[in-house]
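Trainee: I would like a close look at one part of this model. Please take me through it step by step.

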Amino acid sequence: MEKNPTEKMIIPHIEFVDEEEPPGQRTSKEETTLLAEYFKTNIDQEKPALSCRSLEFLKTFYPEASSQDWNNWQWQIKNSVRSIEKLSHFIKLSDNEVKPAGHNGQSLPIRISPYYLSLLDPDNPEQALRKSVVPLFDEFLLHPGEDADPLSEEHDSPVPNIVHRYPDRVLFLVTGFCSTYCRYCTRTRMVAKDKCHIGVKAWEVGLKYIEEHNEVRDVLVSGGDPLTMPDLQIEYLLSRLRNIPHVEIIRIGTKIPVVLPQRITLPLVTMLKKYHPLYMSIHFTHADEITTEVQSACEKLANAGIPLGSQTVLLKGVNDDVAVMKKLMHSLLRIRVRPYYLYQCDPVVGTGHFRTSVEKGIEIIEGLRGHTSGYAVPTYVVDAPGGGGKIPLLPDYKVGRENDSLLLRNYENKVFRYPDFT
Ligand code: SF4
């Protein structure tokens, strides 16, 4: 029988009883003070992580600097390596790496933070991390289909620094600066100029656009890397976005926790958590990036209640292998970062040497799905050239149909029938 919607609901009377005092002594005032002291000294204090590797590197290459300098993110940016010549003081360059010393008009400038530099193998040009940040002569080779703006972001940009492609969300490009340049960057056209932050005033047009578009419920703040800006600028931006009633969530896209974990300070996270719901997509490439320092940075962010997701670009010779990718995904889960997207490398000018076939990406997903926790399996996407947006790709698990049964294969290639009646 249908329930009469006007029928009065009878709320049962609930009696609240004082909980019985647990056995033992009450906490005395002195104990409360002691506990407060304990938590103050054990939790509130910022203890920057400094690994033996970092310390060794610091003593060798920056003997005049202190560990406080090393843990200061502004010192890291100031002392970034910005030329092939300077880079050759730290690592033994191969022929292919030395050649970019010539005219570098179209490709990205070099910038590597001292911290990330300390992770590079000085003798092995094939090391995954080294390949992702050290320029190669291959960057000057143009391959079919490559473009300076392969995703046509400028076409979908109604006002400067805003990309409005999907119905309910926008991408807000708030800076062209990064602390370390990835050699396969999709926004080479923006960061290639190695310009400084575009400044607060330049955001006004974008903020006004978001204010006037009620359909925008999600803003992805990216660039460049937004976390390379000072706390005050980030806070100004977040507070302006938070004041727009229809903006439900704010996301920050960043590689900072990976290339400059010293930037994730307690004052920064204390400020960030005022602007919830705030999400963060962190750009990881390889499990070797997950160091004590990175773990500590992600822990601070996660403890501030910021859901962390990873974005990884599939790169030939860097992470295009099931075992390598699985290790990265497992390492991410251990530091409370949920694998989110695996991107096919975009056809940006000069990145042909990094691109794998799309089959390789599908093979990697097939090697993860079912073989490990579902949480460790990212969504593999191709960002369609020309502005088509992200298109997810999956191995095909449907093998056919027999009458009213759908034939499906599982991760072990065993076929099962599913009764699929209409
Ligand atoms: S962090 Fe992002 S924007 Fe910056 S260089 Fe790398 S891929 Fe490009």
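Where does Ser-152 lie? And please go on from there to the strands, the helices and the ligand.

Mentor: This is a predicted model, in which local features need pLDDT of at least 70, side-chain atom pairs count only at pLDDT 80 or more, and totals for chains, interfaces and linings use all residues. Residues are numbered from 1 along each chain as its sequence is written.

Ser-152 lies in the loop between α8 (128-133) and β1 (162-163). Helices (H or I, at least four residues) and strands (E, at least two) are DSSP runs, numbered from the N terminus. Phi of Ser-152 is near 50°, a positive value in a residue other than glycine. Most residues other than glycine have a negative phi, and most peptide bonds are trans.

Two cis peptide bonds come next. One joins Gly-223 and Gly-224, with omega about 25°. Gly-224 sits in the loop between β3 (218-222) and α11 (231-242). Another joins His-276 and Pro-277, with omega about 0°. Pro-277 is in the loop between α13 (266-272) and β5.

Now the strands. β5 (residues 278-283) pairs with β6 (residues 308-314) in the parallel sense, over 4 bridges. Pairing here requires that DSSP finds at least two bridges between two strands. Ser-281 stands opposite Gly-309 in β6. From β5 the chain crosses through helix α14 (residues 292-303) to β6, and this β-α-β crossover is right-handed. Right-handed means that, with the strands pointing away from the viewer, the path from the first strand over the helix to the second runs clockwise.

β6 also runs parallel to β7 (residues 338-344), joined by 6 bridges. Val-313 stands opposite Tyr-343 in β7. Here the chain crosses from β6 through helix α15 (residues 322-334) to β7, and this β-α-β crossover is right-handed.

α15 also packs on helix α16 (residues 358-368). The angle is about 60°, and the axes are 9 Å apart. That makes α15 oblique to α16.

Last, the ligand. Its surrounding residues include Cys-178, Tyr-181, Cys-182, Cys-185, Gly-223, Gly-224 and His-283. A residue is near a molecule if its C-beta atom, placed from the backbone, lies within 6 Å of it. The shell divides into 5 nonpolar, 3 polar and 3 charged residues. Ala, Val, Leu, Ile, Met, Phe, Trp, Tyr, Cys and Pro count as nonpolar, Asp, Glu, Lys and Arg as charged, and the others, Gly among them, as polar. Gly-223 and Gly-224, joined by a cis peptide bond, are among the residues around the ligand.

Terms used. Axes fitted to C-alpha atoms, helices over the stretch in contact; angles between N-to-C directions. Parallel < 35°, antiparallel > 145°, perpendicular 65-115°, else oblique.
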